[in-house]
Amino acid sequence: MNTGIAERGWSLPEAASAPSEDYRSALRRRLFAADLAVVLCWASTAGAVALYLLSGGVSQIHSKADAVTALGIIAGLAGTNLILIMLLLAARIPWLDRAVGQDVAIGWHRRLGKPVLYLILAHAALLTLGYAATDGLDVVGETAAFLSNRDMILAYLALALLLAVVVTSLVAVRRKFPYEAWHLIHLLSYAAVLLALPHELSYGGVLAAGTVERIYWIALYLLAYGAAAWYRFAKPLLLSLRHDFRVVSVERLAPDVISIHLRGRELGRLGIAGGQYATWRFWSARNWWHSHPLSFSAMPHGDLLRITVRGAGSGTAGLAGLRRGTRVWFEGPYGLFSRHARSAPNLALVGAGIGVTPLRALLEDSRHSGGETALLVRASDESQLYLWEELHTLCEWHGGTAFADVGPRSRATSSWLSADAVRRGVSLQSVFPRILHSDLYICGPGPWAELVAQEAKALGLEDHQIHLERFDS
Amino acid sequence: MRTRAVLGGVFSSAAILIGAWSLSGAPKAVHVAAAATTTGTTTPGSGTASSGTSGSAGSGSTGGASPAPSSTASAGKASGTYTGSVVSTQYGNVQVQVTLSQGKITDVTALQLTDREGRSVQISNYAAPILRQEVLTAQSASVDTVSGATYTSEGYLTSLQAALDQAG
Amino acid sequence: MARLVFTSMGTVISVLRPGPELPASLERAVREEFTSRDARFSSYRADSELSRVARGDLSSLTAGPEFRATLHRALGWEEATAGAFSVRSPDGILDLAGIVKAEAIEGAGNILKQTGLHDWLLNAGGDVLVGGHNYGAPWKVGIVDPEDRSKVLAGIELLPGQRALATSGVSERGSHIWSASGRTPFSQVSVLAPDIVTADVLATAIMAGGHRTLEAACSRWDIDALCVTVTGELLTTPRLRLQLQVKPTHDGALPTSA
């Protein structure tokens with residue numbers, strides 16, 4: 001006890017301890033993989049265009065109309081290449097999850113949405129204009145000519161679907177669209193991309209039989225659809241059947257917070273890391289149509305597993321009525337909010353409200369590394385200190401400290417701390433004296449978590465030291 | 001997104017496209033105009049694109065690495081060492097020297113250390129268990145004041161001390 | 001028995017004097033010892049020197065001499081107790097509340113002595129410093145039972161050489177940030193010492209540092225201690241044990257009137 005307090009003093013040098021070497025090499029590998037993923041996205045898109053250039057596409061330009069057509073083809077090639085990359089980014093590929101995390105991959109996927117739509121729209125518009133000029137027709141006439149071709153009808157259908165997918169996504173981001181409806185429409189993008197395939201292979205002769213381009217594109221299609229089919233559908237199904245999770249009990253922690261205890265087979269083979277989540281589907285009459293991304297709130301113990309959820313969404317409220325024995329399917333575990341992302345010797349955890357659940361599992365899964373561990377939980381009142389007893393027991397086990405910052409938020413300044421803590425001058429640096437040599441795990445509502453991350457960045461933490469999980473419930 | 005990834009992506013894409021472009025042969029109409037112009041436009045063109053990216057990335061990393069704003073902010077804060085007062089213990093004195101850097105305490109050094117050898121002599125002053133009953137029977141005499149963990153002004157109202165103060 | 005009771009530093013201060021009321025000027029001087037320090041060191045006032053230093057608005061070097069003297073005295077104690085007594089609260093914020101209150105009691109005690117008063121008792125939020133006697137008898141301080149704060153656990157006489165008694169425990173003073181970890185084996189620690197700053201600092205240090213600090217403090221300073229463990233057991237030093245055990249028993253229900 002005495003030494004613990006002495007170590008928290010400011011007079012000790014902030015020396016990094018020996019195991020940081022292990023963290024560093026793991027971090028280097030991970031960052032390399034992440035950068036490689038980005039480079040591959042760029043390079044493959046350039047490669048798709050380069051293959052067109054190499055096949056002599058540009059050398060056949062003799063007129064303005066040819067140039068417009070060539071630009072349209074390039075837009076189509078780049079757009080389609082990026083769509084397939086989007087499918088790969090959303091395919092839950094384990095290598096990608098380990099390198100950048102599923103949330104970051106989905107973030108990239110989202111950012112590509114609009115540019116891809118513009119490229120595909122430009123593709124349609126430019127080719128219509130280019131062909132019309134070459135054929136001496138007007139735009140309407142050229143469109144009519146296109147529509148006489150079966151492959152082109154499918155391509156127009158694909159374009160319409162793509163528009164629907166991107167537009168609903170933009171609306172869904174603003175939360176005006178029910179999640180399940182959005183998700184269903186979103187799955188249509190798989191159909192859209194497939195519907196576009198025939199015209200790519202047949203029309204215009206760009207991907208004519210026997211060319212390298214044709215081989216490249218078919219390979220890319222197979223890769224994207226194969227990855228999606230395996231990792232998003234087949235593998236989760238097989239894992240769900242193998243582990244055969246059933247609801248054991250539902251435990252109420254607070255009026256709107258429940259823990260669901262599950263029993264399954266061969267849990268060791270799941271390879272769960274504390275802090276990760278899975279997407280759960282409970283096969284009860286009220287819940288089967290809805291899947292829930294929920295963090296593990298404890299590591300597996302024997303054949304038992306626990307997830308904790310606050311019932312804010314319309315779907316999660318129904319989970320309280322789950323009966324013993326209900327079959328549970330899942331996809332996962334996913335996420336880099338775990339010990340796999342460690343890069344520094346000390347561990348600093350900050351959570352708000354129900355955001356403590358992954359931190360709880362992360363603490364349990366963290367090894368003694370010679371570094372310090374400290375946790376700060378933010379709650380507006382004591383009734384929102386979920387799992388507090390477990391959290392501070394785990395912190396104690398690590399020889400660390402658990403802090404609770406309870407009270408209303410500051411109204412004058414935008415701070416992630418309570419008004420009282422702000423007045424007293426509490427900061428990340430004061431609570432975590434070794435923050436610069438720490439991995440900072442933040443979990444809570446998006447805007448709140450951003451404020452914590454901003455303060456950490458202002459202190460000089462590197463991006464790879466900050467691990468953020470948003471809980472927007 | 002990391003600078004290395006963006007630069008790698010831009011350069012690899014540029015290399016692939018330029019390679020393909022030069023291998024495929026530029027459009028004949030332009031090619032006829034002047035070979036020199038073609039290379040002239042492509043090279044600076046790609047040069048601008050890449051230097052533009054690396055330039056912005058470079059300035060971005062400079063801004064993040066050099067603590068220009070923080071050094072300005074802390075310019076007015078004091079640095080130096082300060083010797084504290086002597087705290088006497090039974091067997092010697094403790095005095096500390098405090099080092100400050102830009103207003104923050106960076107080090108504390110003990111100038112005078114307690115003679116720790118005195119410890120073994122005095123170890124007989126060791127706190128040992130005592131039964132509650134022994135104390136309880138012994139303590140029941142009246143007291144003049146009460147000592148407990150610090151009470152707040154509000155807590156005082158219900159404290160034993162308040163009862164004593166009122167009685168007086 | 002004359003009594004002066006007033007509020008400062010977020011707690012209540014009681015001054016006892018066997019005999020007539022204190023002169024008004026002396027009362028003012030005693031109050032001033034507390035209120036002037038409160039203005040400078042309060043962590044509850046955003047404009048106090050302490051708050052400005054804690055926020056980094058003011059360097060501790062350019063703060064006033066009184067501020068620096070207290071800070072460095074506290075730093076000396078932190079060094080002497082190997083960090084068990086800390087100038088910072090567990091969340092890392094500069095917090096001198098403990099030592100500041102003790103210094104105020106010390107200052108008020110000096111004023112009473114300088115005016116020629118022999119017999120007096122000062123109690124600030126449970127920390128006690130006495131001078132002289134209570135109508136010829138030793139001043140007697142009751143230690144609150146942490147398990148039932150309406151009861152007294154023990155009565156301790158403050159004899160010459162041990163004029164100060166401070167008790168540290170799970171404080172009533174609620175901070176919105178608290179730590180659940182790093183708990184010590186004690187629920188309450190009372191320290192008897194020649195001066196109030198030593199008593200207060202070491203009670204805080206032992207409370208935070210547990211058995212190791214208790215042993216170290218008892219061997220290095222001329223103090224006595226009465227500790228209550230979280231399981232309700234009592235620990236005490238030999239000298240205090242003698243005092244606690246041999247006292248004859250009277251019927252002394254609380255409250256008492258002198």
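How much area does chain B expose, and what share of it do carbon and sulfur atoms supply? Chain B exposes about 9,100 Å², with 62% of it supplied by carbon and sulfur atoms; accessible areas come from the Shrake-Rupley method with a 1.4 Å probe, and for residues only the protein chains shown count as cover.

A word on the ground rules: this is a predicted model, where local features need pLDDT of at least 70 and side-chain atom pairs count only at pLDDT 80 or more, while totals for chains, interfaces and linings use all residues. Residues are numbered from 1 along each chain as its sequence is written, chains are lettered from A and ligands numbered from 1 in the order in which they are written, and side-chain values use heavy atoms, leaving out hydrogens and water.

Let's stay with chain B. Its secondary structure comes to eight helices and five strands, where helices (H or I, at least four residues) and strands (E, at least two) are DSSP runs numbered from the N terminus. Along the sequence, the pattern reads α-α-α-α-β-β-β-α-β-α-β-α-α. Of the 168 residues in chain B, 32% are buried (under 20% relative accessible area; exposed is over 50%, partly exposed in between; 1.4 Å probe, protein chains only).

Now turn to chain C, where C:Ser190 sits in strand E9 (residues 186-193). C:Ser190 counts as buried because its relative accessibility is 2%. Leaving aside residues up to four places away in sequence, C:Ser190 touches (heavy atoms within 4.5 Å) several residues, including C:Ile143, C:Leu165 and C:Asp224.
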